[in-house]
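Me: I am new to this structure. Can you take me through it in short steps?

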Amino acid sequence: MPHLAFPNNSCEEFRCATHCAVRPLAICAELNPTEHQEFERMAQHVRYAPKEALFSEDEIADSVYSLTEGIARLYKLLPDGRRQIIGFALPGDFLGMAPSSRYSFSADAIGTVVTCRFFKGPFIRFIENKPHMLLRMNEFATRELGQAQDQMLLLGRRSAEEKVAAFLVGWRDRLARVEGVTKTVMLPMGRQDIADFLGLTIETVSRTFTKLEREKLIVIVPDGVRVLDPKRFDALAAA
């Protein structure tokens with residue numbers, strides 16, 4: 001199914017100022033009203049169906065994306081066809097600013113995803129004389145680097161229980177930035193996605209969830225988990 005694109009100046013449903021709940025988290029948060037109007041005119045609002053690609057590895061990197069709704073899966077394919085998930089993007093996250101002319105990874109929608117898409121050339125021209133925007137870009141790049149370093153630790157010499165706990169704690173903390181603190185950690189991604197992120201098999205991930213529940217650290221609920229003993233669980237994640 002082709003994705004649906006809505007030019008921002010022709011679809012009131014997607015007006016940023018009145019309908020973007022994640023604007024304080026997004027790349028455009030520091031723009032003044034005049035700058036934001038110009039920025040908004042460049043935007044194309046695109047809705048993606050579940051499993052639809054936003055962009056694919058090695059494609060020409062001609063656009064950048066600010067997620068406004070939904071969650072995207074970021075991954076690379078290994079030469080033997082295996083998939084390594086390198087992250088999950090949340091509303092407010094910024095994607096596609098590739099260091100070369102081609103995307104270095106793929107991104108697709110887990111559920112329905114909506115983005116503000118900008119063609120790369122106009123976007124770069126827009127930000128180049130705006131120090132506050134460049135600083136914002138640097139903040140996003142620094143956060144992305146931190147997440148990459150966290151994943152390197154996850155893929156290192158940790159037990160399956162420590163890996164799963166660290167993933168859940170990190171995901172819980174990221175969700176809290178968008179949705180606020182809740183008792184339940186929602187998991188829109190499947191067990192296979194978690195396995196491909198942690199470098200484990202799906203069987204190991206499923207057994208680990210069961211073990212953590214048996215040890216009364218979590219309880220598995222529809223679409224997520226609830227942490228029963230946050231202090232013990234955080235200690236396991238930090239091991």
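## A walk through the model

Me: Which strand holds phenylalanine 118?
Reply: This is a predicted model. Phenylalanine 118 belongs to a strand that covers residues 113-119. That strand is β9.

Me: Is phenylalanine 118 buried or exposed?
Reply: Buried means a relative accessible area under 20%. Phenylalanine 118 has 2%, so the residue is buried.

Me: Which residues does phenylalanine 118 touch, not counting residues up to four places away in sequence?
Reply: Residues on both sides in sequence take part, such as Phe39 and Phe123. The full set is Phe39, Met42, Ala43, Asp62, Ser63, Val64 and Phe123.

Me: What separates the C-alpha atoms of phenylalanine 118 and valine 64?
Reply: Along the chain the two are 54 residues apart. They also touch, as Val64 is among the contacts of phenylalanine 118. Their C-alpha atoms are separated by 5.3 Å.

Me: How many Å apart in space are isoleucine 124 and valine 64, C-alpha to C-alpha?
Reply: Isoleucine 124 sits in helix α3, residues 120-127. In sequence, isoleucine 124 and valine 64 are 60 residues apart. In space, C-alpha to C-alpha, the value is 9.9 Å.

Me: How does isoleucine 124 count in terms of accessibility, and what is the value?
Reply: Partly exposed lies between the cut-offs of 20% and 50%. Isoleucine 124 counts as partly exposed, because its relative accessibility is 32%.

Me: Where does glycine 92 lie?
Reply: Two strands flank glycine 92: β6 (83-89) and β7 (94-95). Its place is the loop between β6 and β7.

Me: Why does glycine 92 count as buried?
Reply: The cut-off for buried is under 20% relative accessible area. Glycine 92 falls under it, because its relative accessibility is 2%.

Me: Which residues are in contact with glycine 92, leaving aside neighbours within four places in sequence?
Reply: One of them is leucine 25, 67 residues apart from glycine 92 along the chain, with C-alpha atoms separated by 5.0 Å. The full set is Val22, Leu25, Ala26, Ile27, Leu67, Phe140 and Arg143.

Me: Where is serine 56 found, and is the residue buried or partly exposed?
Reply: Serine 56 is in the loop between β3 (53-55) and β4 (63-69). Its relative accessible area is 23%, so serine 56 is partly exposed.

Me: Which residues does serine 56 contact, leaving aside neighbours within four places in sequence?
Reply: Tyrosine 75 is 19 residues apart from serine 56 in sequence and 9.2 Å apart, C-alpha to C-alpha. The contacts are Tyr103, Phe105 and Ser106.

Me: What is the phi of aspartate 58?
Reply: Aspartate 58 lies in the loop between β3 and β4. Most residues other than glycine have a negative phi. Aspartate 58 is not a glycine, yet its phi is positive, at about 80°.

Me: What is the phi of aspartate 223?
Reply: Aspartate 223 is placed in the loop between β11 (218-221) and β12 (224-227). At 57% relative accessibility, aspartate 223 counts as exposed. Its phi is positive, near 70°.

Me: What does UniProt place at residues 27-96?
Reply: The span is 14% helix and 43% strand, with end C-alpha atoms 13 Å apart. The unreviewed UniProt entry gives this feature as "domain: Cyclic nucleotide-binding".

Me: Which UniProt annotation covers residues 158-231?
Reply: Over this span the chain is 58% helix and 15% strand. The end C-alpha atoms are 19 Å apart. The annotation, from an unreviewed entry, is "domain: HTH crp-type".

Me: How many helices and strands does the chain have?
Reply: The strands named above include β9, and the helices include α3. The totals for the chain are 8 helices and 12 strands.

Me: What is the radius of gyration of the chain?
Reply: The C-alpha trace spans about 55 × 40 × 35 Å along its principal axes. With 239 residues, a compact globule would have a radius of gyration near 18 Å. The chain agrees with that, at 19 Å.

Me: What share of contacts with a separation of 6 or more comes from residues 24 or more positions apart?
Reply: Glycine 92 and Leu25 are one such pair, as they are in contact and 67 residues apart along the chain. Over the chain, the share is 70%.

Me: What share of the residues in the chain is buried?
Reply: Phenylalanine 118 and glycine 92 are among the buried residues. Of the 239 residues, the buried share is 45%.

Conventions
Residues numbered from 1 in each chain as written. Predicted model: local features only at pLDDT ≥ 70, side-chain atom pairs only at ≥ 80, totals over all residues. Heavy atoms only, no water. UniProt positions renumbered as here; feature names shortened; annotations may be inferred. Helix = DSSP H or I, 4+ residues; strand = E, 2+ residues; numbered from the N terminus. Rg over C-alpha atoms; globule rule 2.2 N^0.38 Å. Buried < 20%, exposed > 50% of the residue type's maximum accessible area, 1.4 Å probe, protein only. Contact = heavy atoms within 4.5 Å.
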